[in-house]
Amino acid sequence: MHMKGFGERIKHFRLKRGFSQEELASQLNVSRTTISKWECSKQTPSIFDFLSLCSCFQVTLDQLIEPSSYKPDHLHDFQLLYLTRKRESDSRDDAILKLIDKQPSLKNLLLQFSSLSPTLQKELLTDIIPLLKKLFSALQRQ
């Protein structure tokens with residue numbers, strides 16, 4: 001079992017699910033300090049705690065423990081899933097995915113966005129989409 005970096009993965013999945021340290025601690029019946037120690041890799045959760053974390057985060061034990069399961073190349077996985085569906089707009093979708101792949105900062109921002117809670121993603125998109133529409137409208141007028 002490869003334990004190095006498990007704290008980073010615990011924090012990643014906690015944030016992805018939208019939990020504060022206090023909320024996660026409450027669900028697991030441990031202290032917030034314990035969660036903090038786990039996330040800093042200063043203390044290792046028991047196997048029972050790991051299983052409880054998996055249940056809270058809705059992930060497998062491998063995903064929580066193994067670094068290779070935690071941070072796969074999300075874009076590659078997305079491409080495999082998305083491009084297996086045949087659609088009329090495949091070439092346009094390919095162009096978008098290639099653009100994202102060629103722009104490391106954009107790719108990084110999208111990965112950070114995907115780690116936010118679904119509620120926060122929805123709130124941000126509600127604000128971002130109208131701004132993008134205004135931007136593209138202004139660009140087309142030039």
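A crossing between two helices is called right-handed if the near helix is turned clockwise from the far one, and left-handed if the near helix is turned anticlockwise by less than a right angle. In the predicted model described here, helix α2 passes α4 in a right-handed crossing, with the two axes 10 Å apart and packed at an angle of about 120°. On the side of α2 the contact is made by L24, Q27 and L28, which meet S52, L53, C56 and F57 of α4.

The pairing of α1 with α4 follows another geometry. Here the crossing is left-handed, and the axes come within 10 Å of each other and cross at roughly 30°. Since angles under 35 degrees count as roughly parallel, α1 and α4 are therefore described as roughly parallel to each other. The residues of α1 that take part are F6, I10, F13 and R14, and their partners in α4 are F50, L53 and F57. L53 and F57 of α4 thus appear in the contact with α1 and also in the contact with α2.

Helix α2 itself spans residues 21-28, and its buried residues are Q21, L24, A25 and L28. These residues lie on the same side of α2, because they cover an arc of only 100° around the axis. The buried residues of α2 pack against three helices, namely α1 (6-16), α3 (32-39) and α4 (47-57). Just after the end of α2, N29 takes a positive phi of about 60°.

These helices belong to a protein chain that has ten helices and zero strands, so that the pattern read along the sequence is a succession of α elements, α-α-α-α-α-α-α-α-α-α. Of the 142 residues in the chain, 27% are buried. Among the contacts between residues at least 6 apart in sequence, 54% join residues that are at least 24 apart.

The confidence of the prediction varies along the protein chain, for which the mean pLDDT is 77, with 78% of the residues reaching 70 or more. Confidence is highest in α3, at a mean of 94, and lowest in helix α6 (residues 67-70), at a mean of 51. Over residues 69-74 the pLDDT is below 50, although this stretch has eleven contacts in the model beyond near neighbours in sequence. Where pLDDT is low, the predicted coordinates should not be read in detail.

Notes: Residues numbered from 1 in each chain as written. Predicted model: local features only at pLDDT ≥ 70, side-chain atom pairs only at ≥ 80, totals over all residues. Heavy atoms only, no water. Buried < 20%, exposed > 50% of the residue type's maximum accessible area, 1.4 Å probe, protein only. Helix = DSSP H or I, 4+ residues; strand = E, 2+ residues; numbered from the N terminus. Arc of directions from axis to C-beta. Contact = heavy atoms within 4.5 Å. pLDDT = per-residue confidence, 0-100. Axes fitted to C-alpha atoms, helices over the stretch in contact; angles between N-to-C directions. Parallel < 35°, antiparallel > 145°, perpendicular 65-115°, else oblique.
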